[in-house]
Amino acid sequence: MGLRVILILMAIVEAIGSIPNVGTLIGDMSQFLGSGLSSFLIKTHFATTPIFAVAALALAAMDHIRHAITALALIALMRWLSLMPSVVLHGLDFFGLIGNRTVVQIIAFPLMAICAIVYATRNERLVLSTLLVSLPIMTNLFFRLALFAISIAIASF
């Protein structure tokens, strides 16, 4: 029951977090420079995140824990794929808070997602798998809330 609740909460966080991306996908995409593979990967990430999030929510609600873990892990892998063209063009930034976050997103989060998928597929260590897919979601939520708090603090001065 505990894993189910955690996965439902993580799926809700991902679904709500993907709403602005869907709006961007429907609206003007000119803010994303370039075309080709980079644009395709970003659009694919924006389009698949709400689908995987709703799928994870439904699967967790139906107590299909393994499949919900896989759906949430696929979101992390799609996020990683959408960052790859930028990394190829500009390299990794190892300095500062944002740089450290980028390195974690590029290296640690995809490895965690792959491990979660492998464990879920084998029906082993589902608690660890849930933790592995929840950590990137909670990290991204923390940074979004921190940026929101900073923007509110700046606007009030």
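**Figure 1. A nonpolar surface patch in the predicted model, formed by Met1, Val5, Leu9, Ile12, Ile16 and Ile19.** In this predicted model, the six residues Met1, Val5, Leu9, Ile12, Ile16 and Ile19 together present about 600 Å² of accessible area at the surface. Helix 1 supplies the largest share of the nonpolar patch, with four residues. One of the patch residues, Ile12, is located in helix 1 and is classed as partly exposed because its relative accessibility is 35%, which lies between the limits of 20% for buried and 50% for exposed residues.

**Figure 2. The contact of helix 1 with helix 2.** The view shows helix 1, which spans residues 2–17, beside helix 2, which spans residues 19–26, with axes that come within 4 Å of each other and cross at roughly 30°. On the side of helix 1 the contact involves Ala15, Ile16 and Gly17, and these meet Ile19, Pro20 and Asn21 of helix 2. By residue class, the contact of helix 1 with helix 2 consists of four nonpolar residues and two polar ones, with no charged residue. Two of the contact residues, Ile16 and Ile19, also belong to the nonpolar patch on the surface.

**Figure 3. The salt bridge between Arg79 and Glu14.** A search of the whole structure returns one salt bridge, in which the side chains of Arg79 and Glu14 meet with a distance of 3.1 Å from N to O. Arg79 belongs to helix 4 (residues 65–90) whereas Glu14 belongs to helix 1, so the pair ties together parts of the chain that are 65 residues apart in sequence. Arg79 counts as buried because its relative accessible area is 15%, and Glu14 is likewise buried, with a relative accessible area of 7%; the cut-off for this class is under 20%.

**Figure 4. His45 and its surroundings in helix 3.** His45 is part of helix 3, which covers residues 37–61, and is buried, with a relative accessible area of 6%. When residues up to four places away in sequence are not counted, His45 touches Ile75, Met78, Arg79 and Ser82, and among them Arg79 is also the partner of Glu14 in the salt bridge. The C-alpha atoms of His45 and Leu83 are 9.8 Å apart in space, although the two residues are separated by 38 positions in sequence.

**Figure 5. Two loop residues other than glycine with positive phi, Asp63 and Arg125.** Most residues other than glycine have a negative phi. Asp63, located in the loop between helix 3 and helix 4, has a positive phi of about 65° and is partly exposed, with a relative accessible area of 47%. Arg125 has a phi near 45° and is placed in the loop that lies between helix 5 (96–122) and helix 6 (126–155); with a relative accessible area of 55%, Arg125 counts as exposed.

**Figure 6. The chain as a whole, with six helices and zero strands.** Read from the N terminus, the elements follow the order α-α-α-α-α-α. Of the 157 residues in the chain, 36% are counted as buried, while the area exposed by the chain is about 9,200 Å², of which carbon and sulfur atoms supply 75%. Among contacts in the chain with a separation of 6 or more, 69% are made between residues 24 or more positions apart.

Definitions and conventions
Residues are numbered from 1 along each chain as its sequence is written. This is a predicted model: local features need pLDDT of at least 70, side-chain atom pairs count only at pLDDT 80 or more; totals for chains, interfaces and linings use all residues. Side-chain values use heavy atoms; hydrogens and water are left out. Axes are lines fitted to C-alpha atoms, for helices over the stretch in contact, and angles run from 0 to 180 degrees between N-to-C directions. Contact means heavy atoms within 4.5 Å. Ala, Val, Leu, Ile, Met, Phe, Trp, Tyr, Cys and Pro count as nonpolar, Asp, Glu, Lys and Arg as charged, and the others, Gly among them, as polar. A salt bridge is a side-chain nitrogen of Lys or Arg within 4 Å of a carboxyl oxygen of Asp or Glu. Buried means under 20% relative accessible area, exposed over 50%, partly exposed in between (1.4 Å probe, protein chains only). Patches are made of residues with over 30% relative accessible area and no salt bridge: like charges are joined within 9 Å, nonpolar side chains (Val, Leu, Ile, Met, Phe, Trp, Tyr) within 5 Å. Accessible areas come from the Shrake-Rupley method with a 1.4 Å probe; for residues, only the protein chains shown count as cover.
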